[in-house]
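Let's take a friendly walk through a protein model together. Have a look at the sequence and the structure, and then read on.

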Amino acid sequence: MANKKVLYVGGLAEEVNEKTLHAAFVVFGDVIDVNIPIDYATNKHRGFGFVEFEAADDCAAALDNMNESEIYGRTIRCNIAKPMKMSERSMKAVWSDDTWIQDNQTKAEGADVPEEVVDSNK
């Protein structure tokens, strides 16, 4: 079941930051958190964000009023945020796969790692 207090906001312009998003949505009620995920390859946000409200009614009011509105000349899309889907891969530690250990052991052998750490991986 989705958390009815968190709003997904898509279609954000590059100029939008967390302060801008907070200012746009605080008029509908108390905002607990604003999160705009960053693409680490480009060091820019990915064009969407999440706004968490104190009350579900405030979130619903923001959805009704802000969906299809404009911020910095771009039309934004708002929806109730859906929880991330858990897959078998997301619940498994990366080092539980032998190929990860082999790949990273090679890197560790070339690095400045104490010998007992490298030996414990064999």
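Here is a short report on the overall fold, the surface and a group of aromatic rings.

**The overall picture**

Keep in mind that this is a predicted model. The protein has four helices and eight strands. If you follow the sequence, these elements come in the order β-α-β-β-β-β-α-β-β-β-α-α.

How are contacts spread along the sequence? Take the contacts between residues at least 6 apart in sequence: 60% of them join residues at least 24 apart.

**Inside and outside**

The protein has 122 residues, and 27% of them count as buried. Its exposed area is about 8800 Å², and carbon and sulfur atoms supply 49% of that area.

**A cluster of rings**

How many aromatic pairs does the protein have? The count comes to three. In one pair, F48 and F50, the ring centres lie 5.8 Å apart and the planes meet at 85°; an angle over 60 degrees counts as edge-to-face, so this pair is edge-to-face. Ring pairs also bring Y8 into the picture, linking Y8, F48 and F50 into a cluster.

Are F48 and F50 buried or exposed, or something in between? The table shows their values.

| Residue | Relative accessible area | Class |
|---|---|---|
| F48 | 17% | buried |
| F50 | 25% | partly exposed |

The cut-off explains the two labels: buried means under 20% relative accessible area. F48 has 17%, so F48 is buried. F50 has 25%, which lies between 20% and 50%, so F50 counts as partly exposed.

Terms used:
Residues are numbered from 1 along each chain as its sequence is written. This is a predicted model: local features need pLDDT of at least 70, side-chain atom pairs count only at pLDDT 80 or more; totals for chains, interfaces and linings use all residues. Side-chain values use heavy atoms; hydrogens and water are left out. Helices (H or I, at least four residues) and strands (E, at least two) are DSSP runs, numbered from the N terminus. Buried means under 20% relative accessible area, exposed over 50%, partly exposed in between (1.4 Å probe, protein chains only). Contact means heavy atoms within 4.5 Å. Accessible areas come from the Shrake-Rupley method with a 1.4 Å probe; for residues, only the protein chains shown count as cover. Rings of Phe, Tyr and Trp (its six-membered ring) pair if their centres lie within 6.5 Å; planes under 30 degrees apart count as stacked, over 60 as edge-to-face and the rest as tilted.
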